[in-house]
Each structure stands twice: as structure tokens, then as C-alpha cells.
Amino acid sequence: MVSFRKSFAVALLTMVSSTAMAQDLTSGTEAEGEAVADGESIVVTGTRIKQDGFSATVPINILGAEELEASGKTDLGQILAEMPGVNLVDTTVGQPNGTIQNAGTSTVALRGLSSSRTLTLINGRRTVANAANRSVVSLNTIPVDFVERVDVITGAASAVYGSDAIAGVVNVITESKLEGLRLRGRIGSALTGGGGAEEAMVAATFGAKFADGRGYFAISGSWDDDGGLLARDRLARATKNWTFASGTNTISDPALSTDTPGGRFRGGAFFYDDAGTLRTGFVTNRDGYNDRFDDTLRLPRTVMALAGKASFEVSEAFVPYVEVQFSDLDTFYTRAPYGYRDSSTVFLRDEIGVPLPGLPTFAIGRISRDNPFVPTEIRAGAPASGIDWRRRFDELGNRDTISDRDTLRVWGGVRGKLGGDWTYDATYSYGTFDQVQTRLNNINLQNLKYALDAERLASGVIQCRDATARAAGCVPINIFGVGTITPEAANYIRHDSTFYTKLRQDVFQAFATGSIFELPAGKVQLALGGEYRREKGTSGSDAQTLAVISNVAAVPSFSGSFNVKEAFAELSVPLLSGKPFFEELKVDFAGRVSDYSQKNVGTVYSYHAGADWMPVEGLRFRTQYGTAQRAPSLPELYSPPRDDTDTVVDICSGITATTAGTVAGNCRLNPGIAATIASNGVFTQSSTSIQSPNMGSLALREEKGTTFTLGTVISPRALPGLNLSVDYYNIKVTNAISALDNEILLRQCYSDATNFAGNEFCQSVIRGADGQILQINQVPQNLDRISTSGIDTSFAYRLPLEGVGVAGDLRFDFNWTHVIKKETQYQGINGTEISNTRGQISSPTDVVRARIGYTNKLWNIDWRVRYIGPMVSSNDRVAAAEAAGFANPLYLYYGAYWRHDIGASIRPEFGGGKWRLSVGITNLFDKTGPNVPEGATPFDDNGYILDYGVVGRSGFASIEVKF
């Protein structure tokens, strides 16, 4: 914890602030069509010009307070992921993986174009990032009880907001209207299987006007705890250890680990069973180790958040303001203890953690025959080179990762009127992010090597052979049997590593907006402004981790910074009004010039042009074309290789001496794979948890995006309360900054029939002497292009029931996103390659979100449905299976998925307060998708496809009272 910043945050909550843009923002969604009073102008997300929310030229989706509450969730990322067109990134708090930097973050990717291409704003302003290896904002660091609503626009918005807004903008609007005290409490839990996923949240928010309404302040505090979910909570499914190899279309069931707590020796000829008895004839499917029981399915987390804002109108021309947010996010996840073996190798690094030239490796090696711990049966007949071994180090404990993330955000400035209808706003934004992540129970490999080299003195005392190691506290270790490692020996070889990240962002921004002259159709509106932004970051590992040889690679220290100076302008011109077939016709323009300090970026430009046409009342057409850019982030530019772990199924796993095809032939060219096949008949991957470090590249330049949308909005006067919108979108990203995923790298390497020895993709795949993958390097590059297009449909109808004698309204909502194209173009072994991701897991062709509800002054009842259309594991796998001629390709096709949620609330008034009592069930019919082996899709974990969730049926209850 950083006590100074916590104290600073609390102190600032009492200072003068304002809601700034947030107080100007109200629902501007095209679909909802909420009435705007004659002559009233508002600021909608996507522009700084005040205008009627109906006439926005870009589609805007809004999640209001009612919808946030009805979701039954307290993580904004998980709530937004329910919206069509929004993808939940796999580094979320609800979906753990092995990433050391980002486990526990909650980010979204609009249009599935990666979270780095979605710009997250708070009240229309930038905020400091919350990740070590990408410029993204973790939504679970924003106090959810302080959120008034969330606006989402999709498409290029860099002309208005700057870099990163290629896929669109998520704009979180904080509380600005509350007067009085609001208290909230919520509990939730899984209602299926073994339970788990318990949640609890309490929050208090207070807002008030003062000085005859010239001032306003609000303060909020919340505590949110998610108990998480372990594999053992879903015993029958999540603990089944089985794998699927798509390259050979084979299943290994069970796929138990050969690294056992008692150890295996001399090629597996000897092993200790679970009872600690020395046996021979190891059979993996019978005697192997299931490492799934202790896996985390859903990360436990605790979030403590404080937020506050205040403003005071000294005069109409001078309204100072400040807003402060502080969050402390703690997460934890665990996996089975490490397994290790004599032949395992790690890359040697220098004193700051950078791999040494030539990638020299370190291996512990075999145990000497004269080691006093070696049993007679194992020593007899052992080769002079020593005894090979493999063992799981249960005595050290599970692999635990604890993350502590502190985020402080401060916005301060002044706004007011300049004369006429002109207003101004000038803001300084300050943000810091500090992460300390500790990984427990790693292995100090050098110490383990010393400990395994033991000797017996004449007195019978067993000691480490190396005198220098003895002087440094070496404790001899006995790995022969279950529980044989003493606590002292475990402590000697144990290594706990710490990874840290520090980010700072400073932004100065000022703009003015108003009308410059008036046309017959209305006023021509102009906004002018400038911005200066500086980003600075440092990351690295603790000194001990950098100094020792460990089975987890250190994250090398690095630091970097850049700045950007920008000028921007917007213009809105009403061309026609009140004419036949031209009730309204308006065009909008925006432009931005940005000068980056990065040498490969320099000066870049982005622009936007849009039109809104209402031929007759109740019918609108809109279109916009915009360009956007994203400059490489600090880690993408400067970072040396950073330790990361991915789940990878080796394309060579399952290959035998007779397996046909180019892939099999290339796999057998590896001496380690060939030797394994010769001795065992088949090459089998020993672990799907693979080191996959990502790193920066100073060769990167900015990526550029273009967005075109064309749509219509229908709000017929004859059917008040009905709104329908249909929008086509087309987004292209050229020079896209990305690293090819591991499955593509492996396929591009081993599918090369003409130049396998010189294949550049193979340089990223590093294998050990036994043929096992040691790591796959993820190097970012500017790929050719990413393209996506589709259609968004939104329908809303509110039907009053007074006409049939019933108080209240029925409400129908329907949102559908249909993807027409989604593909990545890059240069592969056969020239230009196209990776088509449309319709595959994590990138469905169709997503529908629908709701039917009844509401009156007292009650609210909702039935919500989420539909995900049929998907395939991956289109590349489908093509590979067809090319291989598999008669019965497994785990390729998945049917449509339906999820139903219900909720109800009652809003009585008593005791001087306005109450809201809510209950709900999420995933009413307990649909979690098919049970799949590891490797069935690129996005599966412990039997679950993450698109469908891992919790199952869950329930929640909440209470809110306002005084």
C-alpha cells in the first residue's frame, strides 16, 4: 500500500470540485429516444459540442443505473461484456490465466479489436492505465457505486479523444445528481454444483448542494469482495485432467502429469505411489498426478474504493472543480505445486534479468549415484552419469499469486461561460498506478542443485557437498518419496518473487465551445482545444529474483516515457431545417493533429465527418467516416522480455513414427522429439503451461484505423415509446500492433514444407533437449491489417398499460450484433495470410441481448436473454482438419448458447427513506456450455469454454435506501 497516496486521496475528497462534463452529460442514445425539451442542448459522448442527443451521428449505447443494478454484478467489465459488440478480455478478474502482469484486471474490447484499441474515459477525460504490458484501464478500479451510467460508442473517435479510440470509447459517467444519503448492500452466490463464487458488497454515497445551490459535493466509499471459485468447487467437471491435440485429432484421457509428489526415477522405472511406497512399472493413466484440484476458476478479489467530487460557482465565468478516485484492488489465485525434472532448462539472464546473448541455459542435472538419500533399489544398476528424476514439490506449497493494485486519479480545473453561448473547460488530470504482485513457492534452481549434491560424513551426518553453499546455509534435500522434503530444505530451495509496476499520467486539456454564426437552419457550433499528455512507467522484479536462477523467469526492469502535444477542433453545421424531406440535415466535422515524442510516430492526423438527416419526423439517417490512430504504448516500445505463462497445446504432441504429413515430418526433425518417439513410441507434451514472454520493439510505429457507419433511426409518432435503429459498421486497422498468437506461430512454423530450417516463425519457438517447448516468444509487430464489419440492430418499446386498466408499463428491449467479417492479414510462409476469426470461439457471428420487463411505481420485474450463435473452435483448425482429411474432426463445432436471467425489485417508502429491494437469478437454467478437454479451443480452462462462463446458476439479493 502507498500510505501517502491514500492519505492524499482522502484529503482531496474534501476539496472544491465539480462534475465538469459529467453534469452536462445525459442520455444521448439514438435508440432510447428519450425526450429533450425544446431548445435544450446537451453534451453526448463522442463530441464536445452541445447538441440534441437525437442528432448524434454515431451510435451510442447507454447502460443506466437501473440496468447496472439489474445485472446482479458489481464489476463494470462483466456488466459491459453482456452488450453485443463488446468482448470480455481474458485477463479479467472472472477469468484467470497465467499472465503475471495482468491477472485480475477487468477490461473490455469493443468489436473484439483488443482492449488496447478501446479508449476508456471517466467523465469524458483520460485516466491512467492499470496494466503492466498494455495501455488499458481496468474497469474494476472504478468505484461502481459512484457510477451514474456508462456510454459506449463504437468506431473511430481519435479526432475527438486522441489515441487508442480505434474500436470506440467507453465513457464512465460518475454521480452528479444525488442529494442525500444512499446506502447499498449486496450478496450473491452460485446456486449450482458445489456452490462458491460468494460475493458481498457494501457502499455509502452522500451528495448535497450548498451555498444556495452554487456548490455541490458528493463522496462515496465501497467495499466489494468476491470469494472466487476453485476447480474443486466443480469437482466432476473442472478437475478432469484431459487434453485434445488438434494437430492429430486425438484425445488424451486422462492426461495426468508424470511429475508426481513422490518422484519418478531412471526413466520412470521406479516411482513412489501416493502412499509413499517405492514401485516399478509406472503407468501414466494410472499413477500420474492430477494437477487440476487446486486451480482457480474465478479469481477471488477485494476492492476498496473511495471517490469524491465538488464544485463551487464563484461566478458564471469561474467554476473551479476537482474529482478524486482511489481504489485498492487485491486478487489471489492458486495452482498446483511446481513440478520439475533433471532435464528441465531455463535461460540464463544478466543482473537486470535480460536473457544473455546466445540464450545459454541452466539445468540441474542428474543425482549422483553416491547421494546418501538414493535408495538401494534405485542405485543398483544406475548409470555412471547419475540418476535422472522428475518430481512435484508439494512440500513447498501451491503456486500462489497475490496482486495488490492501487490507483489514484485526480482531475482538477475550472469551467465557465465566456460570453454569449460560449463556454470553456480547462483541466489538469493526474493519475498513478502501483502494482505489487508476489508469486509464492517458486524454486531456486541453483539452491536445488546444491541441495541435491549431498554427501555423508563418517559421523553419519548428511551435508551439501559444496563448501561455499554450506557456508551460505545449504540444506541437503531428499526427493525420494512422498513428504520427504523437510521444512528446512523446502525453505532453502523456496523462492518468492515480486513483480512491480509504477505508472504515472499527466494531462493538461483545455477547450472552448459555442456558436460562431447562425444559418437559417440553426447555429453553427464550434469547439476548439488543445491537450498535452505525458506517460511514464517503470516495471521490474525484486533484486533477489533478478539475482537468482529460478524456475520462473524474472521480469526485467525497464522504464520509459513519452509525451504528445495535440490540437483539435469540431464543427457542427445545420444545413436545412423545416423543409420538405429535410426536416433536419446536419453535418459534423472533427480533426486532430498530434505530435508524439516517439521517433517512429512523430506527427499524426485524424479526422471525422458525419451527417444526420431527418427527411420526416420520426425517421433519421446517419452516417460517419472517421480515421483513428494508436501510438505504441510504453511496454510495446521499451520492455525487454517479460515473464508470462500461456496455455499452449503443442502441435507436435501425439506425433508417432508413422504419423503422416508435413507437420509430423517437421516435428520429427527435432532430435529431442525423435528420441522420445524412438523410446516411447509417441511424443507427448509434458505440460500445457508454457512460458510465453512478451516484449517491446522500438521498430513499432503507430497503427491507423478507419471507420465507416451508415444507419437509420425510426421513432414513429404513431407509436410513442417505440425506437428502432439499424447501423452498418466497417472498421479497418492497418499497421496493426500485435503479436501473432501461439497457435498461429506453431502452425506457421511446422506447416512449412519448403524452408522449415530457415522459417522465421520457428525462431519464436524454443525447445529443450527433450523436445518439450521451453517458451514461445511474443514479439509485437506492425501486421498488415485487421478488418471487421457487421450490423447492429437495436429495438426498444415501452407500452403503457393504462389503456387496459393496469398501472405500469411493459418494456421490450432487443439488441443484436451480426458480424459480417472479422479477419487479420499478415505475412506468413505462403505470402499474405488471412486469419479469419469470424464465427469462432470468442468471436461469434451473432450475439443477441433481449429483455422483457414490467414496471410500475412499486414493482419492477425483468426477464433477460443472452444468445450467442453457433461457433467453431477456430477457422484455422477447421481448414487444418479438412486438409488432414480427418473423418471425424473433434471439438470443432459448437451449437448456439442461450442464457436466461430473471430479476425483480420493489421500491417501498417507509421510515423516512426510499427503499429498493432486489433479487435475481443469473443463468436460470444453469447453462455453462459443453465440457471440453484442455486445448479444445484457444479459450478454454478446466473443462469450460470461457465465453459461456464457469459459475453456472447464481443468485443475488441487494438492498438500497436513500434518505
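The exercises below, each with a worked solution, deal with cores, strands and backbone angles in a predicted model.

**Exercise 1. The largest nonpolar core**

Find which residues of the largest nonpolar core touch the most other members, and which helices and strand supply at least two residues each.

Solution. Start with the membership: the largest nonpolar core has 33 residues. Within this core, Trp-389, Phe-393, Leu-448, Ile-477 and Ile-479 touch the most other members. Next, look at the elements. Strand E14 (270-272), helix H9 (445-452) and helix H11 (487-493) each supply at least two residues of this core. There is also a second, separate core; its 28 residues include Ile-166, Val-172, Ile-731 and Val-819.

**Exercise 2. The surroundings of Trp-389**

List the contacts of Trp-389, leaving out residues up to four places away in sequence.

Solution. Work through the chain in order. Trp-389 touches Arg-264 and Phe-265, then Tyr-340, Arg-341 and Asp-342. Further contacts of Trp-389 are Ile-364, Gly-365, Arg-366 and Ile-367. The list for Trp-389 ends with Leu-448, Leu-452 and Ile-479. Now compare with Exercise 1: Leu-448 and Ile-479 are also among the core residues that touch the most other members.

**Exercise 3. The open sheet**

Give the order of the five strands in the open sheet and name its edge strands.

Solution. The order is E15-E14-E13-E22-E19, with antiparallel pairing. Strand E15 (278-280) and strand E19 (339-341) are the edges, since each pairs on one side only. For the pairing at the E19 end, E19 is joined to strand E22 (residues 389-392) by three bridges. In this pair, Arg-341 stands opposite Arg-390.

**Exercise 4. Pairing of E7, E8 and E9**

Determine how many bridges join E7 to E8, and how many join E8 to E9.

Solution. Take E7 (residues 180-190) and E8 (residues 199-210) as the opening pair: they run antiparallel and are joined by nine bridges. Leu-181 stands opposite Phe-206 in E8. Then take E8 with E9 (residues 215-226): this antiparallel pair has 12 bridges. Here Phe-210 stands opposite Gly-215 in E9. E8 and E9 form a hairpin with four residues between the strands.

**Exercise 5. Unusual backbone angles**

Locate the residues Ala-211, Asp-212 and Arg-266, state their phi values, and find the cis peptide bond that precedes Pro-254.

Solution. Begin with the general expectation: most residues other than glycine have a negative phi, and most peptide bonds are trans. In the hairpin of E8 and E9, Ala-211 has a positive phi near 55°. Asp-212, in the loop between E8 and E9, has a positive phi of about 60°. Asp-212 is exposed, because its relative accessible area is 83% and the cut-off for exposed is over 50%. Arg-266 lies in the loop between E13 and E14 and has a positive phi near 55°. At 22% relative accessibility, Arg-266 is partly exposed. Last, the bond from Asp-253 to Pro-254 is cis, with omega near 0°. Pro-254 is in the loop between strand E12 (250-252) and strand E13 (264-265).

**Exercise 6. A nonpolar surface patch**

Identify the nonpolar surface patch that contains Trp-613 and classify the exposure of Trp-613.

Solution. The patch is formed by Phe-581, Trp-613, Val-616 and Phe-621. Together these residues have about 380 Å² of accessible area. Trp-613 is placed in strand E31 (residues 603-616). Its relative accessibility is 31%, so Trp-613 counts as partly exposed.

Note on methods
Residues numbered from 1 in each chain as written. Predicted model: local features only at pLDDT ≥ 70, side-chain atom pairs only at ≥ 80, totals over all residues. Heavy atoms only, no water. Core = buried A, V, L, I, M, F, W, Y, C linked by side-chain atoms within 4.5 Å. Buried < 20%, exposed > 50% of the residue type's maximum accessible area, 1.4 Å probe, protein only. Contact = heavy atoms within 4.5 Å. Patch = residues over 30% accessible without salt bridge, like charges linked within 9 Å, V, L, I, M, F, W, Y side chains within 5 Å. Areas by Shrake-Rupley, 256 points an atom, 1.4 Å probe, with all protein chains shown as cover. Salt bridge = Lys/Arg side-chain N within 4 Å of Asp/Glu carboxyl O. Pairing = 2+ DSSP bridges.
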